[in-house]
Structures are given as structure tokens and as C-alpha cells.
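Here are some questions and answers on a sheet and the helices around it. Take a look at the fold before reading on.

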Amino acid sequence: MTERKTIVYIGNFFFPNGNASGSRVYGNGCIFRDLGYNTVFIGLDNNLEQNSVLKSTYKYTENFVNYRLPYPKGVMGWLDYKRRFLEVKEMLEEINPSIVILYGSPTISIFAKLLKTFCKLNNISFVMDVVDWLVIPKGNIIFRIVKYFDVNYLKRYIANDADGIISISSYLKRYYIKKVNNVTVIPPISEYKYFKKPNINENNNIKKLIYIGNPFPYIQKNLKSKYFKDRLDLAIDFFSILLDVEFVFNIYGITLAQYLFVVPKQKDILEKLNHKIIFHGEINNLEAKNNISQSDFSILFRNSNKMTNSGFPTKVSESISCGTPVITNSTSDLESYIINGKNGFLVNLNSKSLTNQLKNILSSTSTEINTMKLYCFNSNLFSYTNYIKNTREFLKNLKIK
């Protein structure tokens with residue numbers, strides 16, 4: 001029998017660049033393409049009606065065939081796992097792939113269980129792409145219980161019985177290698193045609209800082225900082241006391257009102273520094289890349305915990321790919337990627353000298369900053385081509401009929 005060379009990538013992503021998840025699976029698809037595989041994507045779409053038909057959503061985007069399921073709306077949308085599975089099952093029977101890769105789940109995790117069972121029965125290699133291990137936030141007790149069991153069922157039970165795991169970090173690899181023999185690490189990667197040579201500024205007297213994202217897992221008044229995904233609040237605290245440093249800190253992805261709803265204690269600081277710390281709200285992916293490219297530094301502070309160490313910040317890979325060095329602290333595998341003074345700076349959030357460290361970094365000359373920006377861009381640090389060899393070995397070790 002001729003070996004099938006098709007991979008179907010399924011999950012809760014917006015292909016190809018609708019969000020970080022979409023960018024990730026697209027980057028991985030580029031690896032598979034170069035290895036001779038045809039990859040078909042089945043993701044989600046916020047604009048589809050709940051009664052849409054999967055086959056009717058066919059698109060050919062960036063040289064990949066892709067289909068879309070409607071993003072679940074309301075409780076009933078998430079519970080409609082059987083219908084979604086039957087649509088996907090029908091398509092898999094037509095495509096006849098050798099490998100199915102699941103990224104998260106387009107509905108609750110029972111969908112993943114049904115998909116895994118189908119793959120086993122049809123001798124299709126079942127792979128999971130695992131990118132995080134979310135901490136369940138404070139909230140409605142019923143929501144917390146359901147979410148806890150759903151996440152753990154997917155990440156522990158189903159993933160532990162996969163034929164292979166694509167992990168985003170070495171933290172996750174260390175966990176899964178005890179359960180699954182075939183595990184590889186692929187951080188957030190990209191095809192570099194999306195990135196343009198960074199703007200080189202002749203005068204960096206006013207440092208341009210940028211943060212893009214949503215720092216909170218969800219909106220809740222006075223949410224405890226241990227549930228914060230990103231410690232934007234700490235960044236604001238530290239930069240607000242650098243009174244003798246000229247900078248503008250542009251924040252995208254969240255409005256000032258949304259931010260203050262969760263962190264009302266910083267209202268006075270932000271009112272006082274509204275000319276230096278500016279909230280812009282949401283922007284699209286292309287605008288985000290352009291704004292990053294025009295900045296001197298990206299900012300990303302995070303607590304070091306299971307959530308942040310199991311994941312890998314796409315914000316870092318995207319910023320360096322855009323040619324903008326990152327000021328961040330050590331979480332996940334960042335120590336293996338950040339070279340101080342070359343493509344960014346690793347700082348210690350608990351250090352008493354952090355204020356002086358930040359002051360020294362922002363005192364960098366125009367020449368120093370522009371040298372770092374060119375180094376970032378030319379390094380191709382997160383190009384998908386760097387991971388072709390390891391992925392080839394990973395795919396070779398799968399049981400493909």
C-alpha cells in the first residue's frame with residue numbers, strides 16, 4: 001500500500017494568523033510541507049453560524065486547504081461536541097490521512113476522546129500539540145469545576161495515550177516523555193515572509209516601549225495577581241517611577257477601562273502618566289507586527305509558575321522576529337533564547353536593583369538599539385526551518401501505516 005502523506009490539523013485556532021494559535025499551527029504546517037506532507041487545517045471561525053456545514057467552509061489560504069467549524073457560543077455550543085465530531089469524522093474518512101494532530105479541542109474534551117478512538121480504529125497516528133497547562137481562575141464554582149475536569153481530562157488522560165506529543169516547551173516535554181515515547185519541542189515559529197526589516201530610528205531619545213495582548217485570563221474586578229497571565233501591572237509600576245527617563249509605553253489588546261476594571265488601584269498612576277502610558281485597545285495581527293517593528297523594546301513580565309513555564313510566550317518570538325528586542329524575566333525556555341544585550345534583556349522581577357536595571361536599559365543609545373534590532377531580525381531565531389530536522393525524526397517515529 002502506498003504511504004499516505006496527509007496530515008489533518010484540528011483544533012481551536014483561527015487559521016492562519018487570526019491569533020497566536022493560528023500562527024503556531026501555520027508555522028508547523030510549513031515544516032510538514034517542506035517534509036513532503038500535505039496538511040489540511042480544520043479550525044474555528046467566530047463569524048460562522050452555529051448551523052454551518054463544515055464542507056461548505058473550504059478555503060485555500062497560504063497554499064493550505066483549510067476548513068472551519070463555528071466558534072462555540074453559549075453552553076449549548078460547547079456541548080455540541082457530537083455533531084462537530086461527526087462532521088470531522090466524515091471529512092477524515094474522505095481525506096484518509098496518515099496523521100491527525102489535535103490542538104486543544106474545538107468543543108469540550110469528549111470531542112478529543114471520540115477523535116482519538118476513531119484514529120486508533122482506523123490506524124491513523126494521533127498526535128497532540130500541547131502549548132499550555134492553564135491554571136483554573138477564580139470564578140463561578142460550577143465553571144471552575146467543569147473547566148478543571150475538562151482541561152485535565154484533555155491534558156492528562158487523552159494526551160497521555162497519544163502516539164506523539166508536539167510540546168511548546170521543555171517543561172511539557174519533561175512531563176509527557178514519562179507517558180509518551182515520542183515527544184518533540186517546537187516553540188512558536190513562523191515563516192519569515194510575514195516580517196519586514198525593522199524601522200531604524202535615527203533618534204531614540206524617547207524610548208518606544210510596547211506590550212500587545214490581554215494580561216488577564218478573563219475580566220473580573222480585583223482579580224488576584226496570581227491569576228494574571230502577564231504582569232502588565234508590575235511593568236506599569238516600575239516604569240512609572242522612572243521619572244527622569246523619556247519613554248512612551250504603548251499598550252495594545254486591552255482598553256484603559258478594561259484594565260482598570262481589574263486593576264483599579266493603578267488609576268491614579270495611569271491618570272498622571274496618560275501621556276507616557278497609553279492604552280489603544282485591540283488591533284489586528286498585521287498592525288500589531290508593524291507597531292512592534294517600530295518600537296525600541298517589547299515588554300513582557302510574568303510570574304514564574306506552572307502556567308507560564310509550561311507555555312512559551314508568542315510575544316517574545318514575534319517581537320524578535322519583527323526585529324525588536326524584549327525586556328522580560330526568566331520563564332519557560334527563555335534563558336535558551338534571550339542573549340542579554342543582543343536580542344533582549346532578562347531581568348529579575350524580585351531584584352531590588354530592577355529599577356536601575358531598567359533605567360540602564362532605557363539609556364541605550366540609538367546605535368545600540370538599532371544594532372540589537374538588526375541582530376534580532378537577522379537571527380531568524382524562530383524560523384520554522386530551524387525545526388525541520390527534529391520534526392522529521394518525530395514523524396519517522398510515528399506508527400504510520
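Q: Which residue of β6 stands opposite L102?
A: This is a predicted model. Strand β6 covers residues 125-130 and runs parallel to β5, with five bridges joining the two. In that pairing, the residue opposite L102 is M128.

Q: What is the handedness of the β-α-β crossover from β5 to β6?
A: The chain leaves β5 and passes through helix α4, residues 110-121, before reaching β6. The two strands run parallel. The crossover is right-handed.

Q: Which residue of β5 is the bridge partner of V8?
A: Strand β1 spans residues 6-11 and is joined to β5 by five bridges. These strands run parallel. The partner of V8 is V100.

Q: Is β5 largely enclosed or not enclosed by the rest of the structure?
A: Buried here means under 20% relative accessible area. I99, I101 and Y103 point one way from β5, V100 and L102 point the other way, and all are buried. Five of the five residues of β5 (residues 99-103) are buried, so the strand is largely enclosed.

Q: Which strands stand at the edges of the sheet?
A: Eight strands form an open sheet with mixed pairing, in the order β3-β4-β2-β1-β5-β6-β7-β8. The twist averages 25° from one strand to the next. Each edge strand has a single partner, so one side of each is left without a neighbour in the sheet. The edge strands are β3 (59-61) and β8 (183-185).

Q: Which residue of β8 stands opposite S167?
A: Strand β7, residues 164-167, pairs with β8 over three bridges. The sense is parallel. Opposite S167 stands V185.

Q: At what angle does helix α3 run to β4?
A: Helix α3 covers residues 81-95. The helix lies across β1, β2 (38-45), β4 (64-70) and β5. Its angle to β4 is about 160°.

Q: How are α1 and α15 oriented to each other, roughly parallel or roughly perpendicular?
A: The axes of α1 (residues 20-34) and α15 (residues 388-396) come within 10 Å and cross at roughly 75°. Angles of 65 to 115 degrees count as roughly perpendicular. The two helices are therefore roughly perpendicular.

Q: How many residues of the contact of α1 with α15 are nonpolar?
A: From α1 come I31, F32 and D34, and from α15 come I388, T391 and L395. One residue of the contact is polar and one is charged. The nonpolar residues number four.

Notes
Residues numbered from 1 in each chain as written. Predicted model: local features only at pLDDT ≥ 70, side-chain atom pairs only at ≥ 80, totals over all residues. Heavy atoms only, no water. Axes fitted to C-alpha atoms, helices over the stretch in contact; angles between N-to-C directions. Helix = DSSP H or I, 4+ residues; strand = E, 2+ residues; numbered from the N terminus. Parallel < 35°, antiparallel > 145°, perpendicular 65-115°, else oblique. Contact = heavy atoms within 4.5 Å. Nonpolar A, V, L, I, M, F, W, Y, C, P; charged D, E, K, R; others polar. Buried < 20%, exposed > 50% of the residue type's maximum accessible area, 1.4 Å probe, protein only. Pairing = 2+ DSSP bridges. Right-handed = clockwise from strand over helix to strand, strands pointing away.
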